[in-house]
Amino acid sequence: LELLRQSAERRLLCDSQGLRLPDANWVLQIAVAQPFTVAPSLKTVTFQQVSTFGLDFVMKRPEQAISASTTRVLRENPPVSILYKTGEYKEGDTVEQWRGEGTVKEIDLKELISTAPNYGLAGILASKRATDQLRKIEGIVSQAQEPIKTEVYRTRIEKHAKFIELVQQTRRELENGNVTREELEDAIIAFRFVPDRMERMIGGPDMITWERWEWKMQTDKKGLSSSDVRQLLPF
């Protein structure tokens with residue numbers, strides 16, 4: 001994870017503490033398995049911090065009435081996979097592909113709220129407000145049919161222009177400090193991906209072939225953790 005942080009710092013995505021830099025487009029994909037009868041749920045989330053403890057990100061908090069949501073599944077600490085790609089395949093640069101396997105755990109939102117971009121927070125808050133309005137007045141969004149037990153729940157926008165107005169209003173309130181801590185915590189949840197295994201593949205036109213390394217966590221009989229590092233064949 002320190003190598004990942006150093007790479008991101010060189011590319012001006014994070015600072016020396018692993019915190020996302022303002023306006024940096026720093027994202028990863030996270031997949032959680034469903035029963036074999038349906039496809040895995042795949043989400044793109046924004047890095048907020050990388051540290052020796054894991055990779056931190058935020059998502060919209062699940063609705064209490066909805067049982068089939070990716071966020072709700074993640075709260076149960078299932079095994080997940082992540083994919084992170086950065087760089088360009090051109091002279092003087094390299095492409096890095098990071099793959100990881102592990103679990104996620106919920107962390108305190110206040111650890112990340114200062115680094116999360118307002119445009120991202122505004123989108124999550126506006127989505128939560130739109131869902132709340134659905135229950136009170138003629139809504140911006142519509143209730144989808146009740147999903148089957150294993151289906152991920154998704155809400156449909158009915159009035160796009162009104163939703164854009166709501167996002168703009170929410171962003172102004174955020175920038176002016178007019179959103180309460182209670183509303184933020186009610187709408188947003190913070191997670192940390194804790195890897196059991198990480199893999200890095202790096203290559204570029206200036207290299208003879210791709211280089212591929214693996215780090216695998218292992219715990220000895222005394223309960224002490226360490227990484228088993230191996231270089232792998234590129235294919």
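## Salt bridges, a pocket and two odd phi angles

Arg230 is partly exposed, with 41% relative accessible area. This is a predicted model, so to speak a computed picture throughout. The partner of Arg230 is Glu214, and their closest N and O atoms sit 2.5 Å apart in a salt bridge. Glu214 is in strand S10 and Arg230 in strand S11 (residues 225–232), so the bridge links parts of the chain 16 residues apart. Glu214 itself counts as buried, because its relative accessibility of 6% falls under the 20% cut-off.Two more bridges follow the pattern of one buried acid and one partly exposed arginine. Here are the three pairs:

| Acid | Base | N to O distance |
|---|---|---|
| Glu214 | Arg230 | 2.5 Å |
| Glu199 | Arg99 | 2.6 Å |
| Glu96 | Arg11 | 3.7 Å |

Glu199 of strand S9 and Arg99 of strand S6 are 100 residues apart. Glu199 is buried at 2% relative accessibility, while Arg99 is partly exposed at 33%. As for the pair of Arg11 and Glu96, Arg11 lies in the loop between H1 and S1 and Glu96 in strand S6 (residues 95–107), so their bridge ties together parts 85 residues apart in sequence. Glu96 is buried, with just 1% relative accessible area, and Arg11 is partly exposed at 24%.

There's also a network: salt bridges link Arg99, Glu101, Arg197, Glu199, Arg212, Glu214 and Arg230. The whole protein has 19 salt bridges.

Next, the second largest pocket, which holds about 220 Å³ of space. It has 14 lining residues, and the closest to its centre are Leu1, Pro195, Met198, Met217 and Ser227. Strand S9 (188–203) gives the most to this lining, with five residues, and strand S10 (211–219) supplies at least two. Nine of the lining residues are nonpolar, three polar and two charged.

Now for the backbone. Most residues other than glycine have a negative phi. Asp23, though, has a positive phi near 65°; this residue is in the loop between helix H1 (2–10) and strand S1 (27–32) and is exposed, at 64% relative accessible area. Asn77 also has a positive phi, near 60°. Its loop runs between helix H2 (70–74) and strand S5 (79–87), and Asn77 is partly exposed at 42%.

Zooming out, the protein has five helices and eleven strands, and 42% of its 235 residues count as buried. Among contacts between residues at least 6 apart in sequence, 59% join residues at least 24 apart. The accessible surface is about 13,800 Å², with 51% of that belonging to carbon and sulfur atoms.

Methods:
Residues are numbered from 1 along each chain as its sequence is written. This is a predicted model: local features need pLDDT of at least 70, side-chain atom pairs count only at pLDDT 80 or more; totals for chains, interfaces and linings use all residues. Side-chain values use heavy atoms; hydrogens and water are left out. Helices (H or I, at least four residues) and strands (E, at least two) are DSSP runs, numbered from the N terminus. Buried means under 20% relative accessible area, exposed over 50%, partly exposed in between (1.4 Å probe, protein chains only). On a 1 Å grid over the protein atoms alone, a cavity is a set of points where a 1.4 Å probe fits but cannot get out, and a pocket is an open set with protein on both sides within 12 Å along at least five of seven lines; lining residues have an atom within 4 Å of a point. Grid points are joined across faces, edges and corners, and a volume is the space filled by probe spheres set on the points. Ala, Val, Leu, Ile, Met, Phe, Trp, Tyr, Cys and Pro count as nonpolar, Asp, Glu, Lys and Arg as charged, and the others, Gly among them, as polar. Contact means heavy atoms within 4.5 Å. Accessible areas come from the Shrake-Rupley method with a 1.4 Å probe; for residues, only the protein chains shown count as cover. A salt bridge is a side-chain nitrogen of Lys or Arg within 4 Å of a carboxyl oxygen of Asp or Glu.
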